[in-house]
Amino acid sequence: MKYVLVTGGVVSGLGKGVTASSIGVLLKGCGHRVTCIKIDPYLNTDAGTMSPFEHGKFSCWMMVGRSTWISATMSIYQAVIERERRGDYLGKTVQVVPHITDAIQDWIERVASVPVDGRAGHPDVCVIELGGTVGDIESMPFIEALRQFQFRVGPGNLCCVHVSLVPVLGVVGEQKTKPTQHSVAVLRSLGLNPALLACRSQHPLADSVRQKLALFCQVPACHIAMVGKYTGLSDAYLSVIKALQHACLKCNRRLEIEWVEAAELEEDGKKDNPEAYKQAWARLCHADAVLVPGGFGSRGVEGMVLAARHARSQAKPFLGICLGMQVAVIDFARDVLGMADANSVEFEAATEHPAVVFMPEGSTTHKGGTMRLGSRRTMFETMDCVAAKLYQVDQYVMERHRHRYEVNPILVPQLETAGLHFVGKDDSGSRMEILELQNHPFFVACQFHPEFKSRPGRPSALFLGLILAACGKLDGYLTGNTIKSPARPPPRKSARLPDGTPLPTC
């Protein structure tokens, strides 16, 4: 069973109950069976004798027939005292630790296993709301019990959500993070690290405040440079963004996209806007991985080629999708095979070295209805490759396509001899679908669009591989180890512009 612990800090009455119930609704919407435990560290036996002026919510619960609330403190202490009276402890000194804390953990497991939806079987997730404020004397036994409980249930089975206050000073109107920082520090000192912060404030949190508070959530960030030509409208890459998010969730990472306008990486961009050129290269160089998505037209393509070259030469994880695969081939043909004018016939019809060509079955006069579309089979040439190990399937995968240009099959033998291997091909074996670069942490590109089949609980295999490589965990995953450890991404190398000018470090 999974557990979600909701705690509160700074002041009471911030909405821990709303947060807990909202989490429950979201989990139910994802198809999980959810139950909830409310722990209040008061000595009252039940809610029946409590005044509405003290806790109106409990009186309301009793009025509508909800008697699920019980004072955990009173019932647990009473049970421990009764066990001592029966001699169950064999004359030992009965203490808060370990006797009360053990009883709390046993109680949580017992209550959490009781279904509340009328169906047989145990729930999937239990949302635990801990009443009061972190640091209160009366809640200390429960905090300690929950600290121990996270080790009892094992890593990855308890997630702590901390509800806190971000006040706004009336004079200057500035959102202050210090109360939340202190509250998180207290929670950490007691042995619980929040994975999520739910912040209450008079106004939506500013981006700078979000970024600052995110540093206190113990969730390492994975910085992905998205090098495209439609970066001004993120919705143009919505499926790609979602696929990245799915993979980051699987790897316990917070996604940070570094948007890089491909045209700003080019030499012409340096002349037109030197500052934008420098900032674009800084974002690319400081990222943990590079992703070049699909697109049409010649604008920004040379910048994409440079991005692929940067990832290849700097041993930085790279994933190319559709056009991203084609620019990777163009770069390799130019830089490794020595074909300086290698290009796609889409961008330069008269190129002497066509690395990417028009598919023979397409129409050169009509664009509508002439693309290679839909779900098609990609056969693995070998199972001893990164892509096959990530997909964990035999022989082939089915992925969706949307293109009218392909890697020039005539050039393939030269590319493979030089180290660029096409490990996935279509049924006929003549159309290149997946490429990998030897002796590189992760350099993979595909002609299809794997983002279209990614789901929250089942991320795309290639996107998962990119994120795993970005945070230094790909080798462990491929050899069968878990991916739950919170290892940080590998250290970033000192960054320089193509002309050798050093960039500021992150």
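**Exposed and buried residues, salt bridges and backbone geometry**

Cys-30 counts as exposed because its relative accessibility is 60%; exposed means over 50% relative accessible area, buried means under 20%, and partly exposed lies in between (1.4 Å probe, protein chains only). The model is predicted, so local features need pLDDT of at least 70 and side-chain atom pairs count only at pLDDT 80 or more, whereas totals for chains, interfaces and linings use all residues. Residues are numbered from 1 along each chain as its sequence is written, and side-chain values use heavy atoms, with hydrogens and water left out.

A second cysteine, Cys-385, counts as buried because its relative accessibility is 4%. The structure contains zero disulfides, a disulfide being a pair of cysteine sulfur atoms within 2.5 Å.

How many salt bridges does a search of the whole structure find? The search finds 21, where a salt bridge is a side-chain nitrogen of Lys or Arg within 4 Å of a carboxyl oxygen of Asp or Glu. One of them joins the side chains of Asp-117 and Arg-33, with an N to O distance of 2.8 Å. This pair links distant parts of the chain, 84 residues apart: Asp-117 belongs to the loop between helix H4 (96-112) and strand S3 (125-130), and Arg-33 to the loop between helix H1 (16-29) and strand S2 (34-39). Such helices (H or I, at least four residues) and strands (E, at least two) are DSSP runs, numbered from the N terminus. The two partners are covered as follows: Asp-117 is partly exposed, at 37% relative accessible area, while Arg-33 is buried, at 12%.

Arg-309 and Asp-331 also form a salt bridge, and their closest N and O atoms are 2.5 Å apart. Here, too, distant parts of the chain are linked, for Arg-309 lies in helix H11 (residues 301-313) and Asp-331 in helix H12 (residues 323-335), 22 residues apart. Arg-309 counts as partly exposed at 25% relative accessibility, whereas Asp-331 is buried, with a relative accessible area of 0%. Both residues belong to a network of salt bridges that links Arg-309, Arg-312, Asp-331 and Asp-335. Elsewhere, Arg-86 pairs with Asp-88 in a salt bridge whose closest N and O atoms are 2.8 Å apart. Arg-86 is exposed, at 56% relative accessible area, and Asp-88 counts as partly exposed, at 34% relative accessibility.

Which charged residue is buried yet has no salt bridge? It is Arg-253, and the nearest side chain of opposite charge, that of Asp-288, is 7.6 Å away; for this purpose Lys and Arg count as positive and Asp and Glu as negative, while His and the chain ends are not counted. Arg-253 is placed in the loop between helix H8 (238-250) and strand S7 (254-261). Its side chain reaches the backbone oxygen of Cys-251 at 3.2 Å.

Two further buried residues draw attention to contacts across the sequence. Tyr-277, in helix H10 (residues 274-286), counts as buried because its relative accessibility is 2%. The side chain of Tyr-277 makes a polar contact of 3.4 Å with the side chain of Glu-267. A polar contact is a pair of N or O atoms within 3.5 Å; within protein, one must be able to donate a hydrogen and the other to accept it, and residues adjacent in sequence count only if both atoms are side-chain atoms. Tyr-277 and Glu-264 are 13 residues apart along the chain, and their C-alpha atoms are separated by 5.1 Å. Met-226, in strand S6 (residues 221-228), is buried, with 0% relative accessibility. From Met-226 to Arg-283, 57 residues apart in sequence, the C-alpha distance is 9.5 Å.

The backbone deserves a separate look. Most residues other than glycine have a negative phi, and most peptide bonds are trans. Val-97 and Pro-98, however, are joined by a cis peptide bond with omega of about 20°, and Pro-98 lies in helix H4. Ala-315 has a positive phi of about 55° although it is not a glycine; Ala-315 sits in the loop between H11 and strand S9 (318-321) and is partly exposed, at 34% relative accessible area. Gln-392, another residue other than glycine, has a positive phi near 55°. Gln-392 is located in the loop between helix H13 (386-391) and strand S13 (396-403) and is exposed, at 58% relative accessible area.
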